[in-house]
Amino acid sequence: MNSNTGKGLSVKLGTIELKNPVIMCSGTFSSGIEYNDLYDVSMLGAVTTKSFSLVPREGNKPPRLCETPAGLLNSIGLENEGIDFFINEHLPVVKRSGFTIILSILGADAAEFTNLATKIRKIEDDLLAVELNLSCPNVEKGGITLGSIPDEVENVTAAVRKILNIPVIVKLSPNNNNLAELASRAKNGGAEAISLINTIIGMAIDINTFKPKLGNIIGGLSGPAIKPVAVAKIYNLYKEKILPIIGMGGISDWKDAIEFMLAGASAIGLGTVNFVDYNAGKNILEGIASYMGSKNILNITDIIGKVKVR
Ligand SMILES: Cc1cc2nc3c(=O)[nH]c(=O)nc-3n(C[C@H](O)[C@H](O)[C@H](O)COP(=O)(O)O)c2cc1C
């Protein structure tokens with residue numbers, strides 16, 4: 001680890017304080033336990049868990065992954081072992097390992113989110129924040145279906161906020177064109193930050209079999225292919241000054257991370273890159289620190305939203 005790493009890297013998103021802006025995206029790092037065998041995951045700003053639902057979900061039928069030029073299509077369908085599994089099996093291990101955890105949750109409606117929050121209340125002191133996945137394109141109920149309706153975004157956020165004392169983050173979809181309205185409604189409901197972007201709806205077809213390459217027919221596109229879309233969405237939302245943003249979508253290296261922060265992200269999320277380089281979190285954190293040294297940037301917060309457009 002570079003000796004500069006750690007200096008001037010802390011960021012704040014509302015009341016959420018991070019020792020550095022590097023966060024692992026939901027669904028691409030599990031709860032961090034396996035990666036901790038490869039490097040010290042506690043060095044990261046935070047790990048966002050896979051989205052957990054009230055009861056276990058089987059997910060969508062295979063194939064669930066398909067590579068595309070500079071991208072990855074997935075239709076996992078939020079397979080997970082259920083919130084009790086996280087509480088009983090993952091949480092004791094991540095506590096011992098010292099990770100900072102953002103727990104991602106998914107429900108079909110406000111009632112299910114309320115039930116999830118009620119279960120989480122007893123462990124909330126062990127979490128930095130809870131992230132509401134209102135943006136998955138691969139499920140019939142909840143996800144983007146819920147996260148596209150402004151009233152639902154506010155209701156779900158308020159329902160969780162009423163029960164939990166920890167900060168609430170709302171994760172929105174780039175497939176929506178009214179992101180400012182959705183973010184405002186999340187803020188009305190009590191959210192402290194917005195995560196942006198989840199995957200972009202996509203499809204691929206096998207020209208020999210004439211069949212879709214994913215069992216679910218459509219999926220969500222992630223990876224470098226979506227980076228410019230993410231940068232534009234973050235730039236546009238940042239200008240509205242509604243809530244701090246955790247920016248994600250195609251970040252591959254520290255240069256991308258800096259670009260996202262210049263566009264307006266207060267922290268950055270790493271997703272698909274973890275499948276390409278399991279050390280991505282460590283490398284990107286070190287790269288950001290070296291960049292700060294070379295540019296004489298004392299605090300990383302000094303570059304947030306500082307893209308020069310005129
Ligand atoms: C295999 C896979 C699984 C994912 N699972 C989730 C999930 O459970 N919850 C969620 O909010 N986002 C999920 N995502 C979306 C990512 O968290 C992230 O928002 C998106 O992939 C864009 O970032 P990236 O291009 O760096 O991967 C998943 C993405 C991938 C590729």
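Start with the whole chain: residues 24 or more positions apart make up 72% of its contacts with a separation of 6 or more, a contact being two C-beta atoms, placed from the backbone, within 7 Å. Keep in mind that this is a predicted model, where local features need pLDDT of at least 70, side-chain atom pairs count only at pLDDT 80 or more, and totals for chains, interfaces and linings use all residues. Numbering runs from 1 along each chain as its sequence is written.

Still on the full chain, 52% of the 310 residues count as buried, that is, with 20 or more other C-beta atoms within 10 Å of their own, again placed from the backbone.

Next, switch to cartoon. You'll find nine helices and 14 strands, which are DSSP runs (H or I, at least four residues; E, at least two) numbered from the N terminus. Pick out E3-E4-E7-E8-E9-E10-E13-E14: in that order, these eight strands close into a barrel with parallel pairing, where a pair needs at least two DSSP bridges.

Now zoom in on E8 (residues 129-133) and E9 (residues 168-171), which pair in the parallel sense over four bridges. Select Val 130 and you'll see Val 168 of E9 opposite. Then add H4 (residues 150-163), a helix that packs on the sheet and touches both E8 and E9.

Last stop, the ligand. Which of the 27 residues around the ligand come nearest? Select Cys 25, Gly 27, Ser 222, Gly 271 and Thr 272; "around" here takes a C-beta atom, placed from the backbone, within 6 Å. Colour the shell by class and you get ten nonpolar, 15 polar and two charged residues, with Gly counted as polar and Cys as nonpolar.

Definitions and conventions:
Buried ≥ 20, exposed ≤ 12 C-beta atoms within 10 Å, placed from the backbone. Axes fitted to C-alpha atoms, helices over the stretch in contact; angles between N-to-C directions.
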